[in-house]
Amino acid sequence: MCDFKLKKIAKYLINNKLYLATAESCTGGLLSSRFTDISGSSAFVRANFVTYANEAKEEFLSVPRSILETNGAVSQECAFYMAEGLHLKTGCDVAICTTGIAGPTGGSKEKPVGLMFVSVYFKGKIHVEKVLLPSFLPRKLMKYLFTQKAISFAYKIISP
């Protein structure tokens, strides 16, 4: 189902001459890879960043240090600022960002393994969704499912 949504997003972007950018943390570039696996993706992909470290989120996406210190990288607030910063940095029409904990180690009671926030910038608005997957999933599967959730959320926001 997500491959269908991925292709529909791509077709929409191409038909409307819109550009996409991604900024990823917990998905480590897998989301951008899935978009660039589509033939003709150069017509709609503007830029992709893997901002794994907090310093990268701050430097490349202008996520305020105060947000990272107060709310953490895995937060609704960080995801919001990632999308805002990505849009401002690249001039993209659509920004999709992921930040979360893929595990199997890390996490806490408040922020468990399997927690992700995905943000989508589109038409001047930023939408953020919280995702919580089972913590026992293997890391590779967790990352893939995070991208599935990000694609589904972006499709929901972008589809006319």
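## Strand β1 and its partners

β1 and strand β2 (residues 45–50) pair in the parallel sense, over 5 bridges. This comes from a predicted model. Within the pairing, L20 stands opposite V45 of β2. Between the two strands the chain passes through helix α2 (residues 30–36), and this β-α-β crossover is right-handed. β1 also runs parallel to strand β3 (residues 94–100), joined to β3 by 5 bridges. Here E24 stands opposite T98.

How many residues of β1 are buried? The strand spans residues 20–24, and 5 of its 5 residues are buried. Their side chains split between two directions: L20, T22 and E24 point one way, A21 and A23 the other. Both sets are buried, the polar T22 and E24 included.

## Helix α3

Helix α3 covers residues 54–61, and A56, K57 and L61 are buried in it. Seen down the helix axis, the buried residues fall within an arc of 100°, so they line one face of α3. An α-helix has 3.6 residues a turn, so residues three or four places apart point the same way. The face turned away from the buried side carries E55 and E59, both exposed.

What do the buried residues of α3 pack against? Their partners are β1, α4 (65–70), α5 (76–90) and β3. Just after the helix comes S62, with a positive phi of about 60°.

## Y52, ahead of α3

Y52 sits in the loop between β2 and α3. Is Y52 buried or partly exposed? Its relative accessibility is 46%, so Y52 counts as partly exposed. Beyond its neighbours within four places in sequence, Y52 is in contact with E24, S25, C26, K57 and R139. Two of these names have appeared above: E24 is a buried residue of β1, and K57 is a buried residue of α3.

The contact with R139 is polar: the side chains of Y52 and R139 meet at 2.7 Å. D3 lies elsewhere. Y52 and D3 are 49 residues apart in sequence and 25 Å apart in space, C-alpha to C-alpha.

## S119 in strand β4

S119 belongs to strand β4 (residues 115–122). Its relative accessible area is 0%, so S119 is buried. Which backbone atom lies 2.7 Å from a polar atom of the S119 side chain? The backbone oxygen of A79 does.

Not counting residues up to four places away in sequence, S119 touches A79, F80, A83, A95, I96, C97, I126, H127 and V128.

## Nonpolar cores

The largest nonpolar core holds 38 residues. Which of them touch the most other members? F35 and I96 do. At least two residues of this core come from each of α1 (2–15), α2, β3, β4 and α6 (139–158). The largest share is that of α6, with 8 residues.

I96 has contacts in several parts of the chain. Leaving aside neighbours within four places in sequence, its partners include L20, A21, T22 and A23. L31, F35 and L86 are also among them, as are V118, S119 and V120. A150 and A154 belong to the list too.

A second, separate core has 15 residues, including I67, L68, A83 and A95. S119 touches members of both cores: I96 in the largest, and A83 and A95 in the second.

How values were computed. Residues numbered from 1 in each chain as written. Predicted model: local features only at pLDDT ≥ 70, side-chain atom pairs only at ≥ 80, totals over all residues. Heavy atoms only, no water. Buried < 20%, exposed > 50% of the residue type's maximum accessible area, 1.4 Å probe, protein only. Helix = DSSP H or I, 4+ residues; strand = E, 2+ residues; numbered from the N terminus. Pairing = 2+ DSSP bridges. Right-handed = clockwise from strand over helix to strand, strands pointing away. Arc of directions from axis to C-beta. Contact = heavy atoms within 4.5 Å. Polar contact = N/O pair within 3.5 Å; in protein donor to acceptor, adjacent residues only side chain to side chain. Core = buried A, V, L, I, M, F, W, Y, C linked by side-chain atoms within 4.5 Å.
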